[in-house]
Amino acid sequence: MATWSNFNLQNSASPLMEQIIFFHDHTIIILIMITVLVGYLMINLLFNKFINRFLLEEQMIELIWTIIPSITLIFIALPSLRLLYLLDELNNPLITLKSIGHQWYWTYEYSDFNNVEFDSYMIHYNKSNLNNFRLLDVDNRVILPMNNQIRIMITATDVIHSWTVPSLGVKIDANPGRLNQTNLFINRPGIFFGQCSEICGANHSFMPIMIESISIKNFINWINNYS
Ligand code: CUA
């Protein structure tokens, strides 16, 4: 989860989020190199005394400063496309979680199991205590098994919401009348937080997502004893 003055991305808890962080760092390095180069050139332009009254065109430099940026863009575009297609890949999911956005809470359904369905509301900050995460804790957590491919189906009943969990690299809109699909793979136990990220109304800030990742043995135990 995000902690105080965390400027960077949250730590990843899934292989796809790890790839997203690698891509982010890669792109930032290229951006820094461009900024330094252009900054150096601009400062140099301001503080030199080179004057040429008859210079109107120069084909070679035009060619160079067109081709170099396009090659740079390819170095960003190819890893970006690779990531885009990796994020969409879903291989043999073990279970499916259906997540339905409402104003202003989430409903979850474990469609592989009969009658496992519950609402997930934020715990009101006046009623929370030091054991809760303020504005992030919910009354009913999403329980998911770690080290497994999980399919997420997302929809909404009223307005557009967005099911977003930064540490798992998931961000997908919940649209009324449409069923969206994404996938996640959690590679460690723990609690992971997310928030709605479509401006969906007055209590948009107060419909957090809380995922509890546990071992598959404990997950089977939980789903068997679900009443
Ligand atoms: Cu739901 Cu913002």
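Trainee: Leaving aside neighbours within four places in sequence, which residues is Ser 213 in contact with?

Mentor: This is a predicted model: local features need pLDDT of at least 70, side-chain atom pairs count only at pLDDT 80 or more, and totals for chains, interfaces and linings use all residues. Residues are numbered from 1 along each chain as its sequence is written, and side-chain values use heavy atoms, with hydrogens and water left out. Contact means heavy atoms within 4.5 Å. With those neighbours set aside, Ser 213 is in contact with Leu 144, Met 146, Ile 186, Arg 188, Pro 189, Gly 190 and Phe 192.

Trainee: Is Ser 213 buried or exposed?

Mentor: Ser 213 is found in strand 10. Helices (H or I, at least four residues) and strands (E, at least two) are DSSP runs, numbered from the N terminus. Buried means under 20% relative accessible area, exposed over 50%, and partly exposed in between (1.4 Å probe, protein chains only). Ser 213 has a relative accessible area of 3%, so the class is buried.

Trainee: Which backbone oxygen does the side chain of Ser 213 reach?

Mentor: A polar contact is a pair of N or O atoms within 3.5 Å; within protein, one must be able to donate a hydrogen and the other to accept it, and residues adjacent in sequence count only if both atoms are side-chain atoms. For the side chain of Ser 213, the distance is 2.8 Å, and the backbone oxygen belongs to Arg 188.

Trainee: Which side chain meets Glu 212 in a salt bridge?

Mentor: A salt bridge is a side-chain nitrogen of Lys or Arg within 4 Å of a carboxyl oxygen of Asp or Glu. By this rule the count comes to one salt bridge. From N to O the distance is 2.8 Å, and the partner of Glu 212 is Arg 141.

Trainee: How many residues apart are Glu 212 and Arg 141?

Mentor: Their side chains form the salt bridge. Glu 212 sits in strand 10 (residues 209–214), and Arg 141 in the loop between strand 3 (117–120) and strand 4 (142–145). The pair links distant parts of the chain, at a separation of 71 residues.

Trainee: What class of accessibility does Arg 141 have, partly exposed or buried?

Mentor: Take the partner first: Glu 212 has a relative accessible area of 21% and is partly exposed. Arg 141 has 29%, so Arg 141 is partly exposed.

Trainee: Which residues does Asn 187 touch, not counting those up to four places away in sequence?

Mentor: Asn 187 lies in the loop between strand 8 (180–185) and strand 9 (190–196). Asn 187 is partly exposed, because the relative accessible area is 35%. Beyond those sequence neighbours, Asn 187 touches Ala 13, Ser 14, Pro 15 and Asn 147.

Trainee: What area do domain 1 and domain 2 bury between them?

Mentor: The domain bounds come from an automatic or database assignment, which gives domain 1 (15–88) and domain 2 (95–226). Five residues of domain 1 are in contact with seven residues of domain 2. Buried area is the accessible area (1.4 Å probe) that two parts lose on being put together, summed over both. Of the area here, 52% is on carbon and sulfur atoms, and the total is about 440 Å².

Trainee: Which helix gives the largest share of the side of domain 1 that touches domain 2?

Mentor: Between the two domains the count is zero salt bridges. The count of residue pairs in polar contact (both at pLDDT 80 or more) is also zero. On the side of domain 1, four residues come from one element, and that largest share belongs to helix 1 (residues 15–46).

Trainee: Is Asn 92 buried or exposed?

Mentor: Asn 92 is in the loop between helix 2 (59–88) and strand 1. Asn 92 is not a glycine, yet has a positive phi of about 45°. The relative accessibility is 72%, so Asn 92 counts as exposed.

Trainee: What is the positive phi of Leu 135?

Mentor: Leu 135 is placed in the loop between strand 3 and strand 4. At 22% relative accessibility, Leu 135 counts as partly exposed. Although Leu 135 is not a glycine, the phi is positive, at about 65°.

Trainee: What is omega for the cis peptide bond from Gln 103 to Trp 104?

Mentor: Trp 104 is found in the loop between strand 1 (95–102) and strand 2 (105–109). The bond from Gln 103 to Trp 104 is cis, with omega near -5°.
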